[in-house]
Amino acid sequence: TGLTPPQFKAWAVAEHGVQRHVEDDPATAALVARLNVAVDLIDWPWNRDLDYPPAVTRYAGLSALAAELRTAR
């Protein structure tokens with residue numbers, strides 16, 4: 001496609017009407033969040049101190065996200 005991975009994910013999210021996206025890359029999380037999509041960002045040491053759009057929610061790991069999804073039903 002000639003798109004970078006973050007650009008491709010943003011395109012796919014927009015093309016398919018995705019409402020929620022799980023991500024561990026900070027650049028992709030910020031790009032997708034700017035499309036008014038909720039982004040669940042898996043927290044890593046290298047993305048911890050960055051600022052993100054309000055649509056990004058950080059989780060300590062996949063287990064923490066899974067626990068949140070179970071309680072959100």
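**Close-up views of a predicted model**

**View 1. Two aromatic residues sit on helix 1.** Phe-8 and Trp-11 both belong to helix 1, 3 residues apart, or about one turn of the helix. The model shown here and in the other views is predicted. The structure has 1 aromatic pair, and Phe-8 with Trp-11 makes it: a tilted arrangement, 5.6 Å centre to centre with 35° between the planes. Are these two residues buried or exposed? Neither extreme fits: Phe-8 counts as partly exposed because its relative accessibility is 37%, and Trp-11, at a relative accessible area of 42%, is partly exposed too.

**View 2. Helix 2 is mostly covered.** This helix runs over residues 26–33, and 6 of its 8 residues are buried. Those are Pro-26, Thr-28, Ala-29, Ala-30, Val-32 and Ala-33. What do they pack against? Their neighbours are helix 1 (5–16), strand 1 (20–23), strand 2 (38–42) and strand 3 (56–59).

**View 3. The largest nonpolar core has 10 residues.** Its members are Ala-10, Val-13, Ala-29, Val-32, Ala-33, Val-37, Val-39, Leu-41, Tyr-52 and Val-56. Helix 1, helix 2 and strand 2 each give two or more residues to this core. Which element gives the most? That would be helix 2, with 3 residues.

**View 4. Leu-41 and the residues around it.** Leave out anything up to four places away in sequence, and Leu-41 still touches Glu-23, Asp-24, Asp-25, Ala-29, Asn-47, Tyr-52, Val-56, Thr-57, Arg-58 and Tyr-59. Leu-41 is itself one of the residues in the largest nonpolar core, and so are its contacts Ala-29, Tyr-52 and Val-56.

Terms used. Residues numbered from 1 in each chain as written. Predicted model: local features only at pLDDT ≥ 70, side-chain atom pairs only at ≥ 80, totals over all residues. Heavy atoms only, no water. Buried < 20%, exposed > 50% of the residue type's maximum accessible area, 1.4 Å probe, protein only. Helix = DSSP H or I, 4+ residues; strand = E, 2+ residues; numbered from the N terminus. Contact = heavy atoms within 4.5 Å. Core = buried A, V, L, I, M, F, W, Y, C linked by side-chain atoms within 4.5 Å. Phe/Tyr/Trp six-rings, centres within 6.5 Å; stacked < 30°, edge-to-face > 60°.
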